[in-house]
Amino acid sequence: MINLIQPPTLKHLSRMYYELAQLGARAIGEKEEWPYDYALKEELLILGSQMSRYDPRLLSILVEYFYRNWKRINPLELKILLKQANTPQTVCVILNFLTRTHDKEYLDYYEYITKEYKPVPHQLYFIDLYSPGSNNMKQASKKSLSEYYEWGFLARERPIIHKAQRMSLGHWGPESRKNIIQDLAHNNINFTISDYLKKIDNTITRQQALIDLKNTSNIELKGRKKGSHWVLK
């Protein structure tokens with residue numbers, strides 16, 4: 001089993017892209033020197049998951065690879081190797097992004113691999129991505145996607161699956177959606193339900209969006225039908 005032994009350099013990331021491309025991932029890299037050696041693709045995927053904390057693009061590549069190939073990834077090998085991993089929750093995050101895109105068979109696969117693990121203490125998923133105290137760091141903390149948050153991480157970057165049409169994965173949980181509504185209310189004279197849906201990339205239904213807004217105690221609806229909008233009380 002191999003674990004990340006240092007923050008990856010650009011050359012190490014390029015080598016990871018290259019190795020993943022050999023497995024059929026949508027990635028382009030170079031066969032640079034790096035301090036790792038692996039025998040099983042499951043080992044490479046775990047190492048890649050650890051490196052993904054330094055590179056959102058790598059996270060997308062891994063999520064897409066699992067999306068297309070999870071049936072070819074040995075769940076027993078992955079489960080055994082994860083017990084030796086420094087941060088198995090990174091793989092849990094990657095697998096979690098696919099729980100809404102697949103059927104019960106995948107959910108059983110996800111449960112089998114992840115059931116032994118608990119979330120990490122709350123921390124940013126991506127390391128050194130944001131400047132300390134920056135607005136981006138604050139937004140990641142306040143508006144984290146559920147797929148990260150359920151495993152203790154904070155981030156709002158959505159992995160992308162390349163299909164006939166690009167598909168962004170990830171959704172905001174109730175607490176993050178509440179924070180998004182508060183930002184809309186405090187930064188605008190008024191806003192519409194469509195404004196809210198746009199902010200969360202239409203990841204919930206219009207009916208759920210209306211429930212969210214009605215359950216927010218410090219805003220109220222003004223006007224009717226097409227001219228209706230929400231304002232602070």
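**View 1. Helix α4 turns four residues, L78, K79, L81 and L82, into buried positions.** Helix α4 covers residues 75-82. Here, buried means under 20% relative accessible area, exposed means over 50%, and partly exposed lies in between (1.4 Å probe, protein chains only). This is a predicted model, so local features need pLDDT of at least 70 and side-chain atom pairs count only at pLDDT 80 or more, while totals for chains, interfaces and linings use all residues. Residues are numbered from 1 along each chain as its sequence is written, and side-chain values use heavy atoms, with hydrogens and water left out. The buried residues of α4 pack against α2, α3, α5 (89-96) and α6 (104-114); contact means heavy atoms within 4.5 Å. Helices (H or I, at least four residues) and strands (E, at least two) are DSSP runs, numbered from the N terminus. At the start of α4, look for N74: a side-chain oxygen of this residue comes to within 2.8 Å of the backbone nitrogen of L76.

**View 2. Helices α2 and α3 cross at roughly 145°.** Two packed helices are described by the angle between their axes and the distance between the axes. For α2 (residues 41-51) and α3 (residues 56-69), the axes come within 9 Å. The axes are lines fitted to C-alpha atoms, for helices over the stretch in contact, and angles run from 0 to 180 degrees between N-to-C directions. The crossing of α2 and α3 is left-handed, meaning that the near helix is turned anticlockwise from the far one by less than a right angle. On the α2 side, K41, L45, G48, S49 and M51 make the contact, and on the α3 side L58, L62, Y65 and F66 do. Sorted by class, this contact of α2 with α3 has six nonpolar, two polar and one charged residues. Ala, Val, Leu, Ile, Met, Phe, Trp, Tyr, Cys and Pro count as nonpolar, Asp, Glu, Lys and Arg as charged, and the others, Gly among them, as polar.

**View 3. E19 is a buried residue of the model.** You will find E19 in helix α1 (residues 10-22). Its relative accessibility is 8%, which is why E19 counts as buried. Leaving aside residues up to four places away in sequence, E19 touches W34, Y38 and L44. From C-alpha to C-alpha, E19 and K41 are 9.3 Å apart in space, with their positions 22 residues apart in sequence.

**View 4. Q89 in helix α5 and E111 in helix α6 make a pair of contrasting views.** Q89 is buried, with a relative accessible area of 11%. Leaving out residues up to four places away in sequence, Q89 touches K118, V120, W151 and F153. E111, by contrast, is partly exposed, with a relative accessible area of 44%. The C-alpha atoms of E111 and L95 are 9.7 Å apart, and the two residues are 16 apart in sequence.

**View 5. D201 has a positive phi in the loop between α10 and α11.** Most residues other than glycine have a negative phi. D201 is not a glycine, yet its phi is about 55°. The loop in question joins α10 (193-199) to α11 (206-214). D201 is partly exposed, with a relative accessible area of 40%. N202 is found in that loop between α10 and α11 as well, and its phi, near 55°, is also positive in a residue other than glycine. N202 is exposed, at 54% relative accessible area.

**View 6. Strands β5 and β6 form a hairpin.** Strand β5 spans residues 219-222 and strand β6 residues 229-232, and they pair in the antiparallel sense over four bridges. Two strands pair if DSSP finds at least two bridges between them. To find your way along the ladder, look for I219 opposite L232 and K222 opposite H229. Six residues lie between the two strands, and G223 in the turn has a positive phi of about 80°.

**View 7. The whole protein chain has eleven helices and six strands.** This last view helps to place the close-ups. Along its principal axes, the C-alpha trace spans about 65 × 40 × 35 Å. Of the 233 residues in the protein chain, 49% count as buried. Among contacts with a separation of 6 or more, 63% come from residues 24 or more positions apart.

Key:
A polar contact is a pair of N or O atoms within 3.5 Å; within protein, one must be able to donate a hydrogen and the other to accept it, and residues adjacent in sequence count only if both atoms are side-chain atoms.
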